[in-house]
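Trainee: Could we go through this model together? I would like to learn how each label is earned.

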Amino acid sequence: MMSLDFESRELSPSTWVDFERLFEKHGGVQGGCWCMFYHVTEGWSKRSPQQNRAGKRTLVNDGKAHGVLVYHEGKPIGWCQFGPAKELPRIDTLRSYKPSREQELWRITCFFTDRDYRRNGVAREALKSALYFMKERGVRVVEAYPVDVRKRRSTSMLWSGTPGLFEAAGFTRVGRLGKNQWVFEKRL
């Protein structure tokens, strides 16, 4: 594990080119998702990577997509998506999800780290920065949905983070979302 210096910036029309650079390098991430999965509640299987990319860009330009990019030496190397529940409604469609009673709930749904920088604390930095930017906006309650990969053969679902990542950041486990997925909450 290298010791890296990080810088973080929020996703915006001015940082779109960096988001695009990171995601293009990795085929749009997760089969061309472009971090649209939690924005969409219906018709996901019919969407192309091109539609996801264009949809994400529209949301960014309209101020309806939030996230943080992590940089090392000016290069985008990591990502964390966050936003108000109304921007990321897919969680609400899950039968096992028990809605929070909080009115102004925000969510953390996705992480991604450039393959050349994994295991260097990029997700931890992205989470720290995401919490900072949410607190600056006056967000009071944040939910996250990590997967416990210790009981799984594959780590392909790490895009939602691990329980240990969120516990180290002061989140509390408040419920189950599936066999290996949890609902974590933090008050800012």
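Mentor: Gladly, and keep in mind that this is a predicted model. Let's begin with T109, which has its place in strand β4.

Trainee: Why is T109 called buried?

Mentor: The word applies under 20% relative accessible area. T109 has a relative accessible area of 2%, so T109 is buried.

Trainee: What makes the pair of T109 and Q81 a polar contact?

Mentor: The two side chains come to 2.8 Å, and the cut-off for such a pair of N or O atoms is 3.5 Å. The value falls within the cut-off, so the label fits.

Trainee: Which residues is T109 in contact with, leaving aside its neighbours within four places in sequence?

Mentor: Q81 appears here too, together with Y38, L88, Y145, W159 and S160. To be listed, a residue needs heavy atoms within 4.5 Å.

Trainee: Let's turn to F82 in strand β3. How do you know that F82 is buried?

Mentor: By the same kind of reasoning: buried means under 20%, and F82 has a relative accessible area of 1%, so the term holds.

Trainee: What does F82 touch, not counting residues up to four places away in sequence?

Mentor: Among them are E10, H66, G67, V68, L88, W106, I108, F133 and M134. As for E42, it is 40 residues apart from F82 along the chain, and their C-alpha atoms are separated by 20 Å.

Trainee: Now helix α1. Which of its residues are buried?

Mentor: In α1, residues 16-25, these are W16, D18, F19, E20, L22 and F23. What covers them includes the helix α2 and the strands β1, β2, β3 and β4. After α1 comes G27, with a positive phi near 65°.

Trainee: What makes a group of residues a nonpolar core?

Mentor: Its members must be buried residues of certain kinds, Phe, Trp and Tyr among them, joined through side-chain atoms within 4.5 Å. The largest one here has 28 residues, and F19, F23, W79 and Y97 have the most contacts inside it. Two or more residues come from each of α1, α2, β2 and β4, and α1 gives the most, with four.

Trainee: Which residues is F19 in contact with, beyond its neighbours within four places in sequence?

Mentor: F19 is in contact with L11, W34, C35, K56, L69 and W79. Apart from the largest core lies another, of 25 residues, with V70, I77, V122 and M134 among them.

Methods
Residues numbered from 1 in each chain as written. Predicted model: local features only at pLDDT ≥ 70, side-chain atom pairs only at ≥ 80, totals over all residues. Heavy atoms only, no water. Buried < 20%, exposed > 50% of the residue type's maximum accessible area, 1.4 Å probe, protein only. Polar contact = N/O pair within 3.5 Å; in protein donor to acceptor, adjacent residues only side chain to side chain.
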